Amino acid sequence: MARKKIPARPRSLKARREAVARITDRLACVYPDSHASLDFRSPFELLVATVLSAQTTDVRVNSVTPELFAAYPTPQALAEAPRDELERILRPVGFFRAKARSLHLLAQGLLERFDGEVPRTLEQLTTLHGVGRKTANVVLGDAFHTPGITVDTHVGRISRRWGWTREHDPVKAEAELARLLPPEIWTVTCHRIIDHGRAICTARNPKCLACPLADLCPSYEIEVGHPWAAHE
């Protein structure tokens, strides 16, 4: 079977930004209340929850964090938490032994290098154990309201379907999206894309015929009625 075409993109940066703006305006109408799906009350809680969310669902993380934060509400408490007790709490999220170790190292890093405070820059955040650019951008955007682009599986997949990027590497995709989107909507647009990916534009069997963005989607005519396996 022949490989499907990658959606064509407007040639000029101005034309690309205009095409992107039409989609982001529509997203804002369809998903006006999009927000972080991880539950948190502080930057520390969001940082921990985001680290835990690797290779599991936000729903599952939200099921364990109330007990986790009630028992260990600060970096100091988390750093001193008994490993077996952490593992017991984290068991439902999977990879619980590795994640318990990661949380210990994360908390120790916060204490040793940042006096127990969550840092406010991407460069500092990514020095912490288990924190990459994606996690750092989540914390910056949702805890500190600093513009950040989080290229998770939904954002990467759907950005390629819309022709915003052809990159599979999250760092390269992030850089390309940053050129197309105004910084003030980086965070909320990522949340809206994630919501759209969960509700309509799923990885397999997307609901193209019911999609409220179908008339703006450069992949619609290529892919409607067919699997979306071309450039995943």
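**Notebook: Asp142 and the aromatic pairs**

I looked up Asp142 and found that Asp142 is buried (under 20% relative accessible area, 1.4 Å probe, protein chains only) yet has no salt bridge, with Arg198, the nearest side chain of opposite charge, 11 Å away. I took a salt bridge as a side-chain nitrogen of Lys or Arg within 4 Å of a carboxyl oxygen of Asp or Glu; Lys and Arg count as positive, Asp and Glu as negative, and His and the chain ends are not counted.

I note that this is a predicted model, in which local features need pLDDT of at least 70 and side-chain atom pairs count only at pLDDT 80 or more, while totals for chains, interfaces and linings use all residues. Residues are numbered from 1 along each chain as its sequence is written, and side-chain values use heavy atoms, without hydrogens and water.

I placed Asp142 in helix 8 (residues 133-143), a helix being a DSSP run of H or I of at least four residues, numbered from the N terminus. I found a polar contact (N or O atoms within 3.5 Å, one able to donate a hydrogen and the other to accept it) of 2.8 Å between the side chains of Asp142 and His191.

I then looked up aromatic pairs (ring centres within 6.5 Å; planes under 30 degrees apart stacked, over 60 edge-to-face, the rest tilted) and found 2. The rings of Phe44 and Phe69 have centres 6.4 Å apart and planes at 55°, so this pair is tilted. Phe44 lies in helix 2 (residues 43-52) and Phe69 in helix 3 (residues 58-71), 25 residues apart. Trp162 and Trp164 also form a tilted pair, at 5.0 Å centre to centre and 50° between the planes. Both Trp162 and Trp164 are buried.

Definitions and conventions. Helices (H or I, at least four residues) and strands (E, at least two) are DSSP runs, numbered from the N terminus. Buried means under 20% relative accessible area, exposed over 50%, partly exposed in between (1.4 Å probe, protein chains only). Rings of Phe, Tyr and Trp (its six-membered ring) pair if their centres lie within 6.5 Å; planes under 30 degrees apart count as stacked, over 60 as edge-to-face and the rest as tilted.
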